[in-house]
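Got your viewer open and your selection tool ready? Let's walk through this one stop at a time.

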Amino acid sequence: MSTIAWIGLGHMGAPMAANLVAAGHTVRGYDIAPACVQAAQARGVTTVASVAEALEGAEACFTSLPMPQHVRGVYDGPDGIWAHAAEGTLLLDTSTVDVETSRWCHDESAARGFAFVDSPVSGGTAGAEAHSLTFMLGGAPGDLDRARGYVQAMAGSVISCGAGTAGIAAKLVNNMMLFVSMMGVAEASQLAEQLGLDAQVFYQVADVSSGQSWPQRTWYPVPGVVPTAAANRNFDATFSVDLARKDCSLAVQAGQTTGVHLPAATLALSQLDELIAEGFGGKDCTLVTKFASPDGTLRGWDGR
Ligand code: NAD
């Protein structure tokens, strides 16, 4: 069993680190938020007061941080990972970042003699708790094999996507598909309502027909249809508008860089922006459904 450093013990990081502990590893965790540190401690993570301390004796170092700038900040500088990691420490970032930030992590790690693997995840907090996440890995073949050994205790699927940044590219493209297909589910749910269809009956039809999709099965935005939908809980976040906005904007940005036309993703992004402007950044991203409603009201949504 190994000693593993873990930086960022939030909604995803804490349960993922706990699953490494449950698999028999020693995890040395660091977070700037005291509440997150305490919660991780309660899950068996050995918490420490700095990145440098987290790296003491570590063979691998994971990061799970909110935004690209946090990843850059935690890697670089005199208090950062590169300054304190021992030779041979494998570096893995599970955060969702832009391709350029991931490329920077690869290049700057290599320049300092470290192996870096982009290791983003899909499956949300439920997948993190249930160690059923999909890991999308990008890096050199030998490093991918090493990474696979560490991530398997947290994963349902581990897919080696290719060279450096292939994992994060797959993650951004996948999530762009998610938000575009969620727009379809949102509009379908409201048209079905207005045409007088019973929500449960229409859901059953779609579930075995060509309209079926992951957001339809998991997030159908009408209360009482699927237990995992935020519509059952006044659209409290399972996947917040703020995080969805970040992922969607990174995909749209990648489209601009590559010249790929993304009108549907651009529309999805504008709806998420509108929700944020209305003060709903902390609510669930399936609240985009209100843009399809004839009068902006939704069953299961109290407007706050
Ligand atoms: P989160 O905000 O709950 O957790 C991030 C943690 O990082 C916080 O506890 C914060 O205090 C800590 N942090 C910030 N700056 C730090 C620093 N300098 N040093 C140490 N700790 C620092 O976010 P999350 O939901 O756990 O998501 C983490 C990453 O995983 C994000 O990039 C997100 O896009 C991605 N992701 C999230 C989900 C999801 O469903 N929540 C799913 C897949 C991927």
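Start by selecting Ile-4 and Ala-60: Ala-60, in strand 4, is the bridge partner of Ile-4. Keep in mind as you click around that this is a predicted model.

**Stop 1: strand 4 and its partners**

Now widen the selection to strand 1, residues 3-7, together with strand 4. These two run parallel and are joined by four bridges. Next, add strand 5, residues 90-93. Strand 4 is joined to strand 5 by four bridges too, and this pair runs parallel. For one spot along that pairing, pick Thr-63 and look across to Asp-93 in strand 5, which stands opposite.

Stay with strand 4, residues 60-63, for a moment. Are its faces covered or open? Both are covered: Ala-60 and Phe-62 are buried on one side, and Cys-61 and Thr-63 are buried on the other.

**Stop 2: the largest core**

Let's move on to the largest nonpolar core, which has 36 residues. Which of them touch the most other members? Select Phe-179, Tyr-220, Phe-239, Leu-272, Cys-285 and Leu-287 to see them. Then colour the elements that give two or more residues to this core: helix 9 (166-194), helix 10 (199-207), helix 12 (241-258) and helix 13 (263-277). Helix 9 gives the largest share, with eight residues.

Zoom in on Leu-287. Skipping its neighbours within four places in sequence, Leu-287 is in contact with Phe-235, Leu-275, Phe-280, Leu-298 and Trp-301. There's also a second, separate core to find, made of 28 residues, and Leu-20, Leu-92, Met-154 and Ala-155 are among them.

**Stop 3: where two helices cross**

Show just helix 9 and helix 13. Their axes come within 9 Å and cross at roughly 75°. Angles from 65 to 115 degrees count as roughly perpendicular, so that's the label for helix 9 and helix 13.

Turn on the side chains to see who meets whom. From helix 9, select Met-176, Phe-179, Val-180 and Met-183; they meet Ala-264, Ala-265, Leu-267, Ala-268 and Gln-271 in helix 13. Sorted by class, this contact has eight nonpolar residues, one polar residue and no charged ones. You've already clicked on Phe-179: it's one of the core residues that touch the most other members.

**Stop 4: out towards the solvent side of the scale**

Still in helix 9, pick Glu-187. Its relative accessible area is 45%, so Glu-187 counts as partly exposed. Try the distance tool between the C-alpha atoms of Glu-187 and Thr-96: they're 27 Å apart, with their positions 91 residues apart along the chain.

Then hop to Pro-263, in helix 13. Is Pro-263 buried or exposed? With 61% relative accessibility, Pro-263 is exposed. From there, run the distance tool to Arg-72: C-alpha to C-alpha it's 30 Å, and the two are 191 residues apart in sequence.

**Stop 5: two positive phi angles**

Most residues other than glycine have a negative phi. For the last stop, look at two that don't.

Thr-165 is in the loop between strand 9 (155-162) and helix 9, and its phi is near 80°. Thr-165 is buried, at 11% relative accessible area.

Asn-234 is in the loop between helix 11 (214-219) and helix 12. Its phi is positive as well, near 50°. Asn-234 counts as partly exposed, with 21% relative accessibility.

Key: Residues are numbered from 1 along each chain as its sequence is written. This is a predicted model: local features need pLDDT of at least 70, side-chain atom pairs count only at pLDDT 80 or more; totals for chains, interfaces and linings use all residues. Side-chain values use heavy atoms; hydrogens and water are left out. A nonpolar core is a set of buried Ala, Val, Leu, Ile, Met, Phe, Trp, Tyr and Cys residues joined through side-chain atoms within 4.5 Å. Buried means under 20% relative accessible area, exposed over 50%, partly exposed in between (1.4 Å probe, protein chains only). Contact means heavy atoms within 4.5 Å. Axes are lines fitted to C-alpha atoms, for helices over the stretch in contact, and angles run from 0 to 180 degrees between N-to-C directions. Angles under 35 degrees count as roughly parallel, over 145 as roughly antiparallel, 65 to 115 as roughly perpendicular and the rest as oblique. Ala, Val, Leu, Ile, Met, Phe, Trp, Tyr, Cys and Pro count as nonpolar, Asp, Glu, Lys and Arg as charged, and the others, Gly among them, as polar. Two strands pair if DSSP finds at least two bridges between them.
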